[in-house]
Amino acid sequence: MSFTTEERGRPNTAEYRVFFKDSAGKHISPFHDIPIYASEEENIFHAVVEVPRWTNAKIEIATKEPLNPLKQDIKKGNLRYVANVFPHKGYIWNYGAIPQASASPPQTWEDPNHQDSDTGCCGDNDPIDICDIGNKVCSRGEVIKVKVLGTLALIDEGETDWKVIVINTDDPDAAEYNDIDDVRRNKPGYLEATVDWFRRYKVPDGKPENQFAFNGDFKDRDFAIKTVKDTHEFWKALVSKKTDAGELNCTNTSITDSPFCCSAADAKATVQSTSALGAEDPAPSSVDNWFYYEK
């Protein structure tokens, strides 16, 4: 199973989008049409890379748009770039989300109406996030197969925002990583840097430090896999219209019993209704600035 992308609009502008295609060249939703499992038997999951390591543009799945392309987040009318909070440069992993989708079990989603029994907070209404700690710097929109190693529970403005630690199965060192303790042993300091990054990344925007459930401790592989599978169940209710989708767009092309399933022709028309790929706008020079402050 393979996937490709189609860029539309001008990069570094509000119109920029990245749409997805399946191996037959048909347009699909990365939120709803990419299967959650690469191998259910082995608990190997698919992940969509939104932000390659070391980059700053806050690219994310557009959950409120038809076919859910990637787009750059906008805050207060401006394109969003994550600040470089010293000593970090951009994102310190390949950052993305676990999707779903085969005609039977599909993707993952954090239900904003479900209060998590572990964190005491509701979900953030988004696909569940991943941090790929592998050696390869992935491409925007790349779909990778990952092993789940553990998870961190960020409490972001009162909402549970799980950050699942994974490694690309194609990584040459993947066999050495099977649980969160393997990350501590083989990449000393990486987990501590991850907590530091998530704690402080919004401070340059004038917001307070983020907080964490479990005192900022990482939960292990089994806990993380259960979390992913639980959010997958929330997603199934969402795409089958058994729960209110609210502003989320559930248009898909592969889940035939979903009331949101559309034809390949309609999906293609959705893509063609957007601007054609154009020249990239320059990113603001401030993207390279360091931000310093005392902890």
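Let us start at I133, which in this predicted model touches W93, L149, I165, V166, I167, Y177, V183, K187 and Y190, once residues up to four places away in sequence are set aside. That list of partners is a good way into the interior. I133 belongs to the largest nonpolar core, a set of 45 residues, and is one of those with the most contacts inside it, together with W93, W197 and F198. The largest share of this core comes from helix 2 (residues 190-200), which supplies five residues. Apart from this core there is a second, separate one of 22 residues, and among its members are V49, V146, A213 and A224. As background, nonpolar side chains in soluble globular proteins tend to be buried together.

Helix 2 deserves a closer look. Eight of its 11 residues are buried, so the helix is largely enclosed by the rest of the structure. If you would like to pick them out on the model, the buried positions are Y190, L191, T194, V195, D196, W197, F198 and R200. Two of these names have already come up: W197 and F198 are among the residues with the most contacts inside the largest core. Y190 is familiar too, as one of the residues that I133 touches.

Now let us turn to the cysteines. A disulfide is a covalent bond between the sulfur atoms of two cysteines. How many disulfides does the model contain? The count comes to zero, with sulfur pairs having to lie within 2.5 Å to qualify. For C138, the nearest cysteine sulfur is that of C131, 13 Å away, and C138 is in no disulfide. C138 is buried, its relative accessible area being 4%. C250 is also in no disulfide, with the nearest cysteine sulfur, belonging to C261, 12 Å away. With a relative accessibility of 2%, C250 counts as buried.

On the outside, F86, W290 and Y292 make a nonpolar surface patch of about 350 Å². W290 sits in strand 17 (residues 290-291) and is partly exposed, at a relative accessible area of 40%. F86 brings us to a point of backbone geometry as well: the peptide bond from F86 to P87 is cis, with omega near 10 degrees. P87 itself lies in the loop between strand 10 (84-85) and strand 11 (94-97).

That bond is a good cue for the rest of the backbone. Most residues other than glycine have a negative phi, and most peptide bonds are trans. Which way does phi go at N12? It is positive, about 65 degrees, although N12 is not a glycine. You will find N12 in the loop between strand 1 (4-8) and strand 2 (17-21), where N12 is buried with a relative accessible area of 15%. F214 also has a positive phi, near 60 degrees, and is likewise a residue other than glycine. F214 is located in the loop between strand 16 (211-212) and helix 3 (221-239), and at 22% relative accessibility F214 counts as partly exposed.

Our last stop is S258, in the loop between helix 3 and helix 4 (264-272). Is S258 buried or exposed? Its relative accessibility is 6%, so S258 counts as buried. Leaving aside neighbours within four places in sequence, S258 is in contact with V239 and N252.

Terms used. Residues numbered from 1 in each chain as written. Predicted model: local features only at pLDDT ≥ 70, side-chain atom pairs only at ≥ 80, totals over all residues. Heavy atoms only, no water. Buried < 20%, exposed > 50% of the residue type's maximum accessible area, 1.4 Å probe, protein only. Patch = residues over 30% accessible without salt bridge, like charges linked within 9 Å, V, L, I, M, F, W, Y side chains within 5 Å. Areas by Shrake-Rupley, 256 points an atom, 1.4 Å probe, with all protein chains shown as cover. Salt bridge = Lys/Arg side-chain N within 4 Å of Asp/Glu carboxyl O. Helix = DSSP H or I, 4+ residues; strand = E, 2+ residues; numbered from the N terminus. Core = buried A, V, L, I, M, F, W, Y, C linked by side-chain atoms within 4.5 Å. Contact = heavy atoms within 4.5 Å.
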